[in-house]
Amino acid sequence: MRRRVLVAGVGMVPFTKPSEGKKYDEMGTGAVSAALRDSGLTYAGIQQVYAGYVYGDSTCGQRVAYGFGKTRVPVLNVNNNCASGSSALWLARQAVESGAVECALAVGFEQMPPGALTAKWQDRPHPLTDFAATLGDVYDINPELPGTPQYFAAAGIEYMEKYGTTPDLFARISVKSRTHAANNPYAVFRDAVTLDEVLGSPAVAAPLTRLQCCPPTSGAAAAIVCSADFARAHSLTPKVAIAAQTLQSDAEDLFDKKSAISLVGSDVTRAAAAEVYERAGVDPRDINVVELHDCFTVNEILTYEGLGLCGEGEAEKFVLDGDNTYGGRVVTNPSGGLLSKGHPLGATGLAQTAEITWQLRGEAGPRQVEGATLGLQHNLGLGTAGVVTLFEKVS
């Protein structure tokens, strides 16, 4: 029998450019300390630890956890590409929900190198080899350019051809992102940008320009989840619960579709969201606030439709009507998202969790979404790992 899983506490450290960031263990310790303070617990109450990161040697999670003492609790290190932090939360939630433990910690951190993401191992098969081969069937890959943005550029071209939109649609996401980030002290980029500035920034892979790509970032975030029995026993009063959550990978027909939109995870997003809504008995139009994976502006547009925030092919109207921001139907990425807050791979999913938790507790300050009772979090890693989590306010 599944038990209700409560969010006892969240924490994060301000995200920074790699050149300005601290070491991963210091950032991770800072995020965990903040989550412990937020929960009112000490580390002695933690029964399992899940640590998400991509750029690091094995057992970095132990390095962070041991900063709080060696308590013999199991520490599991999770590498699931950009969804590593949410995958750590998924494991922690499963442990509590199943009754394996009463309280678990998920922490994500990344001490990223500057510049575009590159493969670190040249003497073994690359996990995205089949993805790249399929992308090459529908898109003219430029070997001189970073690989990741070319997936999303191809998806953007496919979307424009399918629905008759223009590059302006994607660029508007960056403008909105910076507007939201202006109120987030944890975000890397908080200065406003105009549509012309976004479109006029250096080209990366058409239609994407530099201001439409998330920056390499260092940072950390954490969340503590527990059972209702544990909360009562420790006199905790969590105000947020996980209503439903799923982690999915690709279906058998992925490469047969010859679709860049599918390659970047839209099918996984759609299936995961549908499962979460069914489990929770929630209509996506009931959701007040969403933190979604906007690694590139194209992905935010695709994700609006994948999450059911609008219908297929309706993202342009959704954006132009202002339904993706304050005063509209649902506020997307009030934190500024990956584009402005930054994207330290292992930390991203847990930073999204922190933002949604603050929103549902009414603690988001000038970013607060009025009346928020349901919050959705979406985190995606190429290869593919897609996590969708629905959080609800506890009355």
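Between which two strands does the loop that holds P207 lie? The legends below take up that question and several others, and the model they describe is a predicted one.

**View 1. The cis peptide bond before P207.** P207 sits in the loop that runs between strand 5 (203-205) and strand 6 (208-209). Look for the bond that joins A206 to P207: this peptide bond is cis, and its omega is about 10°. As background, most peptide bonds are trans.

**View 2. A cis peptide bond between G383 and T384.** Here is a second place to pause: G383 and T384 are joined by a cis peptide bond, with omega about 10°. T384 belongs to the loop between strand 11 (374-381) and strand 12 (385-393), so both strands make handy landmarks when you bring this view up. 

**View 3. K258 and its positive phi.** The backbone of K258 is the topic of this close-up. Phi of K258 is near 50°, a positive value in a residue that is not glycine. For comparison, most residues other than glycine have a negative phi. To find K258, go to the loop between strand 8 (240-248) and helix 9 (260-263). Is K258 buried, partly exposed or exposed? Its relative accessibility is 41%, and K258 therefore counts as partly exposed.

**View 4. N333, a buried residue with a positive phi.** N333 is not a glycine, yet its phi is positive, at about 50°. The residue is placed in the loop between strand 10 (331-332) and helix 13 (337-341). Why does N333 count as buried? The reason is its relative accessibility of 1%, since buried means under 20%.

**View 5. The cavity and its lining.** How many cavities of 30 Å³ or more does the structure hold? There is 1, and the volume of the largest cavity is about 40 Å³. Its lining is made up of V32, Y43, V49, G61, V64, A65, F68, L105 and V107. Two elements each give two or more residues to this lining, namely helix 2 (60-65) and strand 4 (103-110). Helix 2 contributes the most, with 3 residues.

**View 6. The chemical character of the cavity lining.** Stay with the largest cavity and sort its lining residues by class. The lining has 8 nonpolar residues and 1 polar residue, while charged residues are absent from the lining.

Technical notes
Residues numbered from 1 in each chain as written. Predicted model: local features only at pLDDT ≥ 70, side-chain atom pairs only at ≥ 80, totals over all residues. Heavy atoms only, no water. 1 Å grid on protein atoms, 1.4 Å probe; cavity = no way out; pocket = protein on both sides within 12 Å on 5 of 7 lines; lining within 4 Å. Points joined across faces, edges and corners; volume = space filled by probe spheres on them. Helix = DSSP H or I, 4+ residues; strand = E, 2+ residues; numbered from the N terminus. Nonpolar A, V, L, I, M, F, W, Y, C, P; charged D, E, K, R; others polar. Buried < 20%, exposed > 50% of the residue type's maximum accessible area, 1.4 Å probe, protein only.
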